[in-house]
Amino acid sequence: MTTQVCIIGAGPSGLLLGQLLHDIGVETLILERASLDHVLSRVRAGVLEQGTMRMLVTAGIGGRMHAQGLVHEGFAITRDDDIHRIDLTGLTGGKWVTVYGQTEVTRDLVDRRAETGGVTHYEADGVALHEFDSVKPYVTCRIGGEEVRIDCRFIAGCDGFHGASRRSVPEDAIRTFEKVYPFGWLGILSDVPPVSHELIYASHSRGFALCSMRSRSRSRYYIQCNAGDSIDAWSDDRFWTELRRRLPPGIAESMVTGPSFEKSIAPLRSFVAEPMRFGNLFLVGDAAHIVPPTGAKGLNLAASDVHYLFEGLRGHFLERDNHLLDTYSSRALDRVWKAVRFSWWMTTMLHRFPDQSPFEARIMESELAYTLGSEAAQTALAENYVGLPY
Ligand code: APR
Ligand code: PHB
């Protein structure tokens with residue numbers, strides 16, 4: 001088989017890049033290790049920056065997102081029993097975010113690719129990347145038990161943190177930066193109305209909690225838990241009781257509870273790989289970087305990477321100009337590090353760290369007190385939360 005851009009991974013990064021390229025007439029082929037059902041069953045964060053929405057609209061999938069997405073002009077931060085609203089729209093001169101689940105974004109992209117005749121091979125086993133230092137890279141894998149070889153001009157590694165792309169780069173060509181946080185997030189989905197029409201980020205002496213949603217009748221709630229906790233130790237009752245304890249009484253009392261239909265524990269990590277280009281292999285999204293979910297930057301960063309890479313590939317194929325392709329890594333990393341800093345900052349300010357010294361704990365209390373009392377600090381928070389420009 002041959003294609004112009006072989007894309008590894010059919011998560012949001014791979015599907016969005018694939019659609020944008022397909023729409024300007026650049027041939028793509030996507031290889032995905034998992035089944036389509038598996039890809040569509042993953043539950044992830046659901047806050048879209050306006051820049052991400054613009055990209056999705058350009059890829060032709062604005063309809064359902066605009067109809068079902070919930071516009072949020074602010075969110076709350078609670079500190080033990082106090083409640084403070086962050087007025088995103090007021091502080092940023094009119095910007096907002098949209099709550100629309102990543103699972104829905106992926107579904108819309110999958111449907112769009114099928115409608116427009118894009119090719120995705122699911123359950124592609126043993127994907128291996130070859131000769132990406134040359135102008136004739138190729139990818140091998142097994143599809144339906146058969147060995148296949150895909151010759152291409154470029155490879156886009158959109159295969160997430162555990163994918164094959166980053167791992168095929170020689171160790172001495174890549175530098176990685178990592179911080180693992182000493183706790184996890186226990187999250188549930190439940191068909192109960194959200195406790196508030198805006199998100200609530202709760203900083204509490206018992207640990208962090210987040211009240212989010214997927215729709216007006218479906219809630220997504222999280223609590224900070226121990227890194228080694230087992231899901232079996234967390235019955236629905238125990239979860240609801242703990243969540244309520246971390247919220248101000250007025251909010252806790254009005255919360256409607258019900259059975260959960262999804263429950264999982266996610267570790268928290270910050271990770272960046274530099275650079276994001278190796279010859280004719282480009283890393284995109286989670287393949288190159290991970291942020292903790294506080295602030296919901298993961299999908300939005302994937303979208304800005306796709307923007308920079310798409311511009312570069314368009315320049316190469318349509319205008320015979322490699323300038324933007326050659327600057328992909330530095331342009332993408334500049335925005336990546338700002339989002340990594342912001343996600344680390346929100347995480348550090350709002351969680352309880354078991355390994356923190358009393359001094360560090362006081363500094364973080366003071367960081368939160370300063371933020372909640374200063375319009376200048378809230379403006380910086382809001383500017384980052386709605387998404388830095390690109
Ligand atoms: N071969 C082929 N596909 C692979 C391989 C492999 N060796 N390894 C992983 N994949 C697939 C995964 O099954 C997944 O479908 O690559 C895809 C990567 O998707 P994501 O992990 O969703 O990463 P990305 O598309 O960059 O999306 C970024 O999604 O993971 C969240 O927090 C993240 O919100 C962010 C966004
Ligand atoms: C979510 O809805 O899953 C969500 C929202 C905001 C975050 C993280 C996760 O910061």
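These entries record what I looked up in a predicted model with two ligands, their surroundings and several single residues.

**Conventions.** I number residues from 1 along each chain as its sequence is written, and I letter chains from A and number ligands from 1 in the order in which they are written. In this predicted model local features need pLDDT of at least 70, side-chain atom pairs count only at pLDDT 80 or more, and totals for chains, interfaces and linings use all residues, while side-chain values use heavy atoms, with hydrogens and water left out.

**Entry 1: ligand 1.** I looked up the residues near ligand 1, where near means that a heavy atom of the residue lies within 4 Å of the molecule. There are 23 of them, and Ser13, Glu32, Arg42, Gln102 and Asp286 are the closest. I then looked up polar contacts, that is, pairs of N or O atoms within 3.5 Å; within protein, one must be able to donate a hydrogen and the other to accept it, and residues adjacent in sequence count only if both atoms are side-chain atoms. The side chain of Arg44 places an N or O atom 2.8 Å from an oxygen atom of ligand 1. Two contacts use the backbone: Pro12 has an N or O atom 3.2 Å from a ligand oxygen, and Arg33 has a polar atom 3.1 Å from a ligand nitrogen. On its own, ligand 1 has 700 Å² of accessible area, of which the protein covers 90%; I note that such areas come from the Shrake-Rupley method with a 1.4 Å probe, and that for residues only the protein chains shown count as cover.

Which helix gives the most to the shell around ligand 1? It is α10, with three residues. Helices α1 (12–23) and α10 (298–319) each supply at least two; helices (H or I, at least four residues) and strands (E, at least two) are DSSP runs numbered from the N terminus.

**Entry 2: ligand 2.** I found 15 residues around ligand 2, with Tyr201, Ser212, Arg214, Tyr222 and Gly295 the closest. Oxygen atoms of ligand 2 lie 2.5 Å from a polar side-chain atom of Tyr222, 2.6 Å from an N or O atom in the side chain of Tyr201 and 2.8 Å from a polar side-chain atom of Arg214. How much of the 280 Å² of accessible area that ligand 2 has on its own does the protein cover? The protein covers 100% of it.

Strands β15 (209–215) and β16 (218–225) each supply at least two residues of this shell. The largest share, three residues, comes from β15.

**Entry 3: cysteines.** I counted disulfides, meaning pairs of cysteine sulfur atoms within 2.5 Å, and the count is zero. For Cys152, the nearest cysteine sulfur is that of Cys6, 5.1 Å away. Cys225 is not bonded because the closest cysteine sulfur, in Cys211, is 16 Å away. Are these residues buried (under 20% relative accessible area) or exposed (over 50%), with partly exposed in between, by a 1.4 Å probe on protein chains only? Cys152 is buried at 8%, and Cys225 is buried at 5%.

**Entry 4: Met55 and Ser270.** Met55 belongs to helix α3 (residues 50–58) and is buried, at 8% relative accessibility. Its C-alpha atom is 13 Å from that of Gly14, 41 residues apart along the chain. Ser270, in strand β17 (residues 260–274), is buried with a relative accessible area of 7%. Its side chain makes a polar contact of 2.6 Å with that of Tyr181.
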